[in-house]
Amino acid sequence: FDRYAERRGLLDDHWHTSPETNETAAEHVVCWLLRHRVAALAAFGGAVAVLTTGALIVGPPTSPRTPSVPKYLRSVIENLRVRLLAKL
């Protein structure tokens, strides 16, 4: 659609992704991502891979390596639950 609209002169001049037209840091980043699609996709894929690897290393929240709720906190939570149920 952009090329169609550009050929017919339907777009303003400021829509282009040139570095000179960027006013904010966010616009600069978005324009860079649009101009370097392959690098952006590679960076996104790398970020997903790193985050997935980190999540797999840490393990699920119920993992034995994860510290459990202390007993005193369990009793506080249970007391709150009982009080809330008593009010209903």
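So, how does Arg81 count at 43% relative accessibility: buried, partly exposed or exposed? Partly exposed. I'll come back to Arg81 in a minute, but let me set the scene.

What you have up there is a predicted model. Confidence first, then. The average pLDDT for the protein is 78, and 73% of the residues score at least 70. Broken down by element, helix H3, residues 37-58, comes out with the highest mean pLDDT, at 92, while H1 has the lowest, at 74. The usual caution goes with that: where pLDDT is low, the predicted coordinates should not be read in detail.

Okay, the fold. We've got 4 helices and 0 strands, so if you read from the N terminus, the order is just α-α-α-α; no surprises there. And how much of this protein is buried? Of its 88 residues, buried ones make up 6%. The accessible surface adds up to about 8,000 Å², and carbon and sulfur atoms account for 66% of that.

Now back to Arg81. How many salt bridges does the structure hold? Just 1. In a salt bridge, the Arg81 side chain meets the one from Glu78, at 2.6 Å, N to O. The two residues sit 3 apart in helix H4, which means about one helical turn separates them. Glu78 is also partly exposed, because its relative accessibility is 35%. As a general point, side chains of opposite charge can pair when their charged atoms come close.

Staying with helix H4, which covers residues 71-87, that's also where Leu73 is found. Leu73 belongs to a nonpolar patch on the surface, along with Tyr72, Val76, Ile77 and Leu80. Together those side chains put about 480 Å² of accessible area on show. Why can Leu73 be in a surface patch at all? Its relative accessible area is 34%, so Leu73 is partly exposed, and the patch cut-off is over 30%.

Last stop, the other patch, and this one is about charge. Which residues make up the patch of positive charge on the surface? Arg3, Arg7, Arg8 and Arg37 gather there. Take Arg3 as the example: you'll find it in helix H1, residues 2-7. Arg3 has a relative accessible area of 65%, so it counts as exposed. Do keep in mind that H1 is the element with the lowest mean pLDDT, that 74 I mentioned.

So, to wrap up: 4 helices, 1 salt bridge, a nonpolar patch that includes Leu73, and a positive patch that includes Arg3. That's me done; over to you.

Notes: Residues numbered from 1 in each chain as written. Predicted model: local features only at pLDDT ≥ 70, side-chain atom pairs only at ≥ 80, totals over all residues. Heavy atoms only, no water. Patch = residues over 30% accessible without salt bridge, like charges linked within 9 Å, V, L, I, M, F, W, Y side chains within 5 Å. Areas by Shrake-Rupley, 256 points an atom, 1.4 Å probe, with all protein chains shown as cover. Salt bridge = Lys/Arg side-chain N within 4 Å of Asp/Glu carboxyl O. Buried < 20%, exposed > 50% of the residue type's maximum accessible area, 1.4 Å probe, protein only. Lys, Arg positive; Asp, Glu negative; His and termini not counted. Charge placed at Lys NZ, Arg CZ, Asp CG, Glu CD. pLDDT = per-residue confidence, 0-100.
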